[in-house]
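This report concerns a single protein chain. Its sequence and three-dimensional structure are shown below.

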Amino acid sequence: MEQSRTSLVQRLLHKVEVWGNKLPDPAVLFLILLAVVWVLSWALSGVDFNVVDPRNGEPLVISNQLSGSAITQLMSTMVTNFAHFHPVGVVLVAMLGIGIAEYSGFINAGLRALLSVTANWLLTPMIILIGIVSHSAVDAGYVLVIPLGGVIFYAAGRHPLAGIAAAFAGVSGGFSANFVPSALDPMLQGISQAGAQLLDPTVTLNPLNNYYFTTASALVVTLLGWFITDKLVEPKLKDNPVDGDMSDLPSMEPLKDDERTALRWALAAVVLGIIILAVTASYEGSPWRGDDGSLTSFTAPLMKSIVPLIFLLFLIPGLVYGLIIGTIRNSKQFVEGMTKAMQGMGYYLVIMFCIAQFIYTFGQSNLGILLAVKGADFLQSMALPGGITITGIILLTGLINLFVGSASAKWALLAPIFIPMLMQLGISPDLAQAAYRIGDSSTNIITPLMPYFPLVVVFCQRYVTTTGIGTLTSMMLPFSVCFLIVWTIFLMIYWSLGIPLGIQASYDYVMP
């Protein structure tokens, strides 16, 4: 019976892969979606939906993106939309530093040293956990942990796409599961508090109001992701032979003496750099701190410098390693290392151009806001018990997340609707925010509309050249479904046991 059930799951995932890969190329897919937004915005622009825009309190109107003014506005902002699209700069700057580290052999040597002391069976949870912790460095996990997941698995003799899937599950599927506080916590808390104060101006929330729950969730996501990777995803990948160019990937050969010496000096340079950063950021009035004296607020120069710091984190040890081992002997080779990293990013840039124009047009149309508001209104009209309502919030958030990717933008739209609605039902803003985080994280990994999704496809194509949207979606679908179900059940159990959600947090709200 169990074998039959497993075979059924594998057949369903295979069909998802086949159907998904029949979709157009990601770049073309976003152009088609852009056309769909144009048509829908034109067709719905004259319709009165009797909906109030939560951003300004005015009637929500669908903006016709086929009007002359909208078309000329798109044309005049097309370059800016692309050049200022956040994932573009993040990826390219980080890849310049990573390129030097790869070219010099530093990453190769470091992974071989890591694999020599890590049991093969512990690679999966290690990668997932590193992916979860990477949230503290904003978008670092997408450009750093996910590709390294593939490299580590390949070097260990396992399927590299399984490593990418595990890393993607930790970085994106477990986006709201972290035992290390990050900038995401105060960001969501601020939006939640603003939503709560629409109903009760006296409400104040702690920035770590979900900290205990997200800490416990990190363990749940790691263990669950470990099981899914090893028991469901990797066995299916035997049908996807590795046919990419593996010539520059690390092997499991033991380190030579000169490699070991160069690696030690490179790691010493990393440690020295971290010490310098810690010392210069430790004292009051440090230029790394924001106006409020914080190191972790979004306005703090330290948080704004995460990507350049990642660039230096790989550039410096990569350069030191190359100089000592002899793989970088002059400035020409130094530039060649960066150039080689950029050569593989052409396809990614094409996709990002199309995504940037789609996201701009979709945002201007107000279609995403209409979807969010109508969904919340439907949930409120159901008047269900608290536990079912919270489950509905999670599922609705997961659905909306397939179309509106940004966690902050989506919560800014939903919080003014969800939180006052739930407060009137006696449910606290802290619990509403925890529910939102589950729905937002669980479906990140199956939507091509998430800006970094095409980048993961590119990472996969390095190993399996036929990888498409369907391949990645079928890999990540078991993670998404299991995370959504198990994480929701975990919240219900957590709630029933009365375990605190976080600092100064509560489950119930009593109207004054």
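The sections that follow treat the overall fold, one helix pair, two loop residues and the cysteines.

## Overall architecture

The structure is a predicted model. The protein chain contains 22 helices and zero strands. Of its 512 residues, 52% count as buried.

Contacts were also examined by their separation in sequence. Among those between residues at least 6 apart, 80% join residues at least 24 apart.

## Packing of α9 and α22

Two packed helices are described by the angle between their axes and the distance between the axes. For helix α9 (residues 160-173) and helix α22 (residues 469-496), the angle is about 40 degrees and the axes are 10 Å apart. Helix α9 is therefore oblique to α22, as the oblique class excludes angles under 35 degrees and those from 65 to 115 degrees. The crossing in which α9 passes α22 is right-handed.

On the α9 side, the contact is made by L161, A165, F168, A169 and G173. Helix α22 contributes T471, L472, M475, M476, F479, F483 and W487. Sorted by class, the residues in this contact comprise ten nonpolar and two polar ones, with no charged residues. The two polar members are G173 of α9 and T471 of α22.

## Two buried loop residues

S294 is located in the loop between α12 (257-282) and α13 (301-304). The relative accessible area of S294 is 19%; the residue is therefore classed as buried, because the cut-off is under 20%. When neighbours within four places in sequence are left aside, S294 is in contact with R289 and A300.

T443 lies in the loop between α20 (429-442) and α21 (453-461). With a relative accessible area of 6%, T443 is likewise buried. Apart from its neighbours within four places in sequence, T443 is in contact with G398, N401, L402 and S480. Of these partners, S480 falls within the residue range of helix α22 (residues 469-496).

## Cysteines and disulfides

How many disulfides does the model contain? The count comes to zero, where a disulfide requires a pair of cysteine sulfur atoms within 2.5 Å. In general, a disulfide is a covalent bond between the sulfur atoms of two cysteines.

Two cysteines may be described by their accessibility. C354 counts as buried, at 7% relative accessibility. C482 has a relative accessible area of 24% and is partly exposed, because that value is not under the 20% limit for buried residues and not over the 50% limit for exposed ones.

Definitions and conventions
Residues are numbered from 1 along each chain as its sequence is written. This is a predicted model: local features need pLDDT of at least 70, side-chain atom pairs count only at pLDDT 80 or more; totals for chains, interfaces and linings use all residues. Side-chain values use heavy atoms; hydrogens and water are left out. Axes are lines fitted to C-alpha atoms, for helices over the stretch in contact, and angles run from 0 to 180 degrees between N-to-C directions. Helices (H or I, at least four residues) and strands (E, at least two) are DSSP runs, numbered from the N terminus. Angles under 35 degrees count as roughly parallel, over 145 as roughly antiparallel, 65 to 115 as roughly perpendicular and the rest as oblique. A crossing is left-handed if the near helix is turned anticlockwise from the far one by less than a right angle, and right-handed if clockwise. Contact means heavy atoms within 4.5 Å. Buried means under 20% relative accessible area, exposed over 50%, partly exposed in between (1.4 Å probe, protein chains only).
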